[in-house]
Amino acid sequence: MARLNRRGVMIGGVAVLAAAGAGVAHMVQSAASQEMTPQEAHEAAKDRRILLVDIRRPDEWQKTGVPEGGVPIDLRRDDFADAVQAARASNTQPVALICARGVRSRRMTLLLDEAGITPIIDVPEGMLGSLAGPGWLKGNLPVVTWNA
């Protein structure tokens, strides 16, 4: 019986991507090719150059607040993509996603890309910080209190 370790899985995944051709690699790369720091996202949201969407849960918004200039839209909504599209100032306004630590925002950039909502920007530091950086809160960026 064959067993795969992490390296085997990674090598297998690379082989699958290579065999699938450049089209798949472009699709995977296209949604997350743009990133912003929290500071950049804050400035762009203030100027309405982007729609900043906080995709965390309501209990998370209640604990930390929502980024100033951001719109809270829970990623678990059945109509998440439609809600994001409805919040845009225009069909060309870039959408920036922020979550707690950048994991969910990365995943949701792919979902929105598949739904045809582009351009999409990831804020990988998130609200709480990640390997990408200290995050919105430690950057002392303003938040708005959110109450259910």
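Is tryptophan 61 buried or exposed? In this predicted model, tryptophan 61 counts as buried, because its relative accessibility is just 4%, and the cut-off for buried is under 20%. This tryptophan also has a ring partner. The structure holds 1 aromatic pair, and tryptophan 61 forms it with tryptophan 146. The two rings sit edge-to-face, at 5.0 Å centre to centre and with 70 degrees between the planes. The pair ties together distant parts of the chain, since tryptophan 61 belongs to helix α4 (residues 58-64) and tryptophan 146 to the segment after β6 (143-144), 85 residues apart.

Next comes the sheet. It is an open one, built from 4 strands in the order β3-β1-β4-β5, with parallel pairing. β3 and β5 are the edge strands, each pairing on one side only. Ignoring direction, neighbouring strands of the sheet are turned by 30 degrees against each other on average.

Strand β1 (residues 51-54) is a handy place to look at the sheet in detail. On one side, β1 pairs with strand β4 (residues 95-98) in the parallel sense, over 4 bridges. β1 also runs parallel to strand β3 (residues 70-72), and 3 bridges join these two. At the level of single residues, leucine 52 has alanine 96 as its bridge partner in β4, and leucine 52 stands opposite glycine 70 in β3. Further along β1, aspartate 54 has proline 72 as its bridge partner in β3. As for the side chains, Leu51 and Val53 point one way from β1, while Leu52 and Asp54 point the other way. All four of these residues are buried, the aspartate included.

Helix α5 (residues 80-87) has Phe80, Ala81, Ala83 and Val84 as its buried residues. Looking down the axis of α5, these fall within an arc of 160 degrees, so they line one face of the helix. Asp82 and Ala86, on the other side of α5, are exposed. What do the buried residues of α5 pack against? Their contacts are with β1, β4 and α6 (103-114).

The same elements turn up again in the largest nonpolar core, which has 16 residues. Val53, Ile55, Phe80, Val84, Val95, Leu97 and Leu112 are the ones that touch the most other members. β1, α5, β4 and α6 each supply at least two residues of this core, and α5 gives the most, with 4 residues. Apart from this core lies another one, of 13 residues, among them Leu52, Ile121, Val123 and Trp136.

Valine 95 gives a close-up of the contacts. Leaving out residues up to four places away in sequence, valine 95 touches Leu51, Val53, Val84, Arg88, Leu112, Ile117, Pro119, Ile120 and Ile121. That list includes Val53, Val84 and Leu112, which, like valine 95, are among the core residues that touch the most other members.

Finally, there is a leucine outside this buried picture. Where does leucine 131 lie? Leucine 131 is in the loop between β5 (120-122) and α7 (135-138). Leucine 131 counts as exposed because its relative accessible area is 95%, and the cut-off for exposed is over 50%. The C-alpha atoms of leucine 131 and arginine 101 are separated by 8.5 Å, although the two residues are 30 residues apart along the chain.

Notes: Residues numbered from 1 in each chain as written. Predicted model: local features only at pLDDT ≥ 70, side-chain atom pairs only at ≥ 80, totals over all residues. Heavy atoms only, no water. Buried < 20%, exposed > 50% of the residue type's maximum accessible area, 1.4 Å probe, protein only. Pairing = 2+ DSSP bridges. Arc of directions from axis to C-beta. Contact = heavy atoms within 4.5 Å. Phe/Tyr/Trp six-rings, centres within 6.5 Å; stacked < 30°, edge-to-face > 60°. Axes fitted to C-alpha atoms, helices over the stretch in contact; angles between N-to-C directions. Core = buried A, V, L, I, M, F, W, Y, C linked by side-chain atoms within 4.5 Å.
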